[in-house]
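User: I would like a close look at one part of this structure, with its immediate surroundings described and some indication of how far the model can be trusted. Please take it slowly and connect the details as you go.

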Amino acid sequence: MFATTPLRVVAVSAGLSQPSSTRLLADRLAAATRERLTADQDRSVEVRVIELRDLAVDIANHLVSGFPPAELREAIDAVTEADGLIAVTPVFTASYSGLFKSFFDLIDNTALTGKPVVIAATGGTARHSLVLEHAMRPLFAYLRAVTLPTSVYAASEDWGASGDEYTEGLPSRIRRAGGELASAILGRTVSGASRAPGLDDGEDAVVPFEQQLAALRQG
């Protein structure tokens with residue numbers, strides 16, 4: 001890849017409403033990633049947000065016919081060719097939305113191999129935050145992507161909240177996830193945290209991205 005080639009970050013938003021908190025979260029994660037990438041290196045950064053709501057009919061038709069319309073094909077190509085991916089879904093029935101799952105069902109299970117991914121979700125209550133671990137991480141593990149350590153869940157009460165001494169607020173979690181994605185894209189250690197290492201951080205708290213990728217390919 002030439003040094004002048006832009007770094008490409010793609011965010012996939014499965015929000016259905018307009019305005020959408022899911023789209024807002026995707027935008028903020030993309031902005032945090034762009035900020036870190038711009039600060040850490042000299043190449044330009046291209047950010048694209050794909051709204052699955054606009055592709056819903058094409059996705060359904062492709063599932064039935066096996067032939068993607070041009071706009072959907074271009075969106076799939078953007079996801080598979082991106083240097084880093086952000087995937088955000090609203091929570092429906094304690095899992096990702098059907099639209100979110102249907103879109104990723106159209107992607108070949110080797111097309112995301114080794115690609116760094118930040119997973120995120122929105123919901124009305126914090127009780128659904130485990131959707132990130134029991135549903136989204138297994139999905140991207142199946143797709144052979146490298147899911148980054150920090151995932152972001154935004155409940156209704158998280159918007160505008162700054163957190164407290166025991167809990168990071170939503171803006172802090174967004175910055176951490178964006179930093180991790182930027183580091184992974186650049187092939188550096190996967191750590192977007194702005195804090196100093198604490199007593200609970202062992203020697204393996206930060207695993208180099210190259211090691212994660214090598215382990216994934218060997219498996």
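How many bridges join strand E3 (residues 84-92) to E5, and do the two strands run parallel or antiparallel?

Analyst: In this predicted model, strands E3 and E5 run parallel and are joined by 6 bridges. One of the residue pairs behind this is leucine 85, whose bridge partner in E5 is valine 117.

E5 has other partners as well. Strand E7 (residues 152-155) pairs with E5 in the parallel sense over 4 bridges, and within E7 the partner of alanine 120 is valine 152. Strand E6 (residues 146-147) also pairs with E5 in the parallel sense, over 2 bridges; here valine 117 appears again, with threonine 147 as its bridge partner in E6.

The strand itself, spanning residues 116-123, is mostly covered, with 8 of its 8 residues buried. Pro116, Val118, Ala120 and Thr122 point one way from E5, while Val117, Ile119, Ala121 and Gly123 point the other way, and the residues of both sets are buried. As a background to this, buried residues make up 46% of the 219 residues in the protein.

A useful way from the strand into its surroundings is phenylalanine 140. Leaving aside neighbours within four places in sequence, phenylalanine 140 is in contact with Val117 and Ile119, as well as with Leu85, Ala87, Phe100, Phe104, Leu112, Ala145 and Thr147. Val117 and Ile119 are on the side of E5 that also carries Ala121 and Gly123, and Leu85 is the residue that bridges to valine 117.

Some of these contacts are with other aromatic residues, and Tyr96, Phe100, Phe103, Phe104 and Phe140 form one aromatic cluster. If rings are paired when their centres lie within 6.5 Å, the count comes to 5 aromatic pairs. In one of them the rings of phenylalanine 100 and phenylalanine 140 have centres 6.4 Å apart and planes at 70°, so the pair is edge-to-face. Since phenylalanine 100 lies in helix H4 (residues 98-105) and phenylalanine 140 in helix H5 (residues 131-142), this pair ties together parts that are 40 residues apart in sequence. Phenylalanine 100 has a relative accessible area of 0% and is therefore buried, the cut-off being under 20%; phenylalanine 140 likewise has a relative accessible area of 0% and is buried. Phenylalanine 103 and phenylalanine 104 form a further edge-to-face pair, with 5.2 Å from centre to centre and 85° between the planes, and both of these residues are buried.

Just ahead of H4 is serine 97, placed in the loop between strand E4 (95-96) and that helix. Its relative accessible area is 1%, so serine 97 is buried. Beyond its neighbours within four places in sequence, serine 97 is in contact with Ala14, Thr89, Pro90 and Phe92.

Much of what has been described comes together in the largest nonpolar core, which has 37 residues and in which Val79, Phe103, Phe104 and Phe140 have the most contacts. The elements that give two or more residues to this core are E1, helix H3 (70-81), E3, H4, E5, H5 and E7, and H5 gives the most, with 6 residues. Another core, of 24 residues, lies apart from that one and includes Ala11, Leu25, Ala30 and Leu170.

To place this part in the whole, the protein has 7 helices and 7 strands, running from the N terminus as β-α-β-α-α-β-β-α-β-α-β-β-α-α. Of the contacts between residues at least 6 apart in sequence, 75% join residues at least 24 apart. On the outside, the protein exposes about 11,200 Å², of which carbon and sulfur atoms supply 52%.

Finally, there is the question of confidence. The mean pLDDT of the protein is 85, and 81% of its residues reach 70 or more. Among the elements, strand E1 (residues 7-13) has the highest mean pLDDT, 98, and helix H7 (residues 209-218) the lowest, 50. Over residues 191-209 the pLDDT is below 50, although this stretch has 26 contacts in the model beyond near neighbours in sequence. Where pLDDT is low, the predicted coordinates should not be read in detail.

Definitions and conventions: Residues are numbered from 1 along each chain as its sequence is written. This is a predicted model: local features need pLDDT of at least 70, side-chain atom pairs count only at pLDDT 80 or more; totals for chains, interfaces and linings use all residues. Side-chain values use heavy atoms; hydrogens and water are left out. Rings of Phe, Tyr and Trp (its six-membered ring) pair if their centres lie within 6.5 Å; planes under 30 degrees apart count as stacked, over 60 as edge-to-face and the rest as tilted. Buried means under 20% relative accessible area, exposed over 50%, partly exposed in between (1.4 Å probe, protein chains only). Contact means heavy atoms within 4.5 Å. Accessible areas come from the Shrake-Rupley method with a 1.4 Å probe; for residues, only the protein chains shown count as cover. Two strands pair if DSSP finds at least two bridges between them. pLDDT is the predictor's confidence in each residue, from 0 to 100. A nonpolar core is a set of buried Ala, Val, Leu, Ile, Met, Phe, Trp, Tyr and Cys residues joined through side-chain atoms within 4.5 Å.
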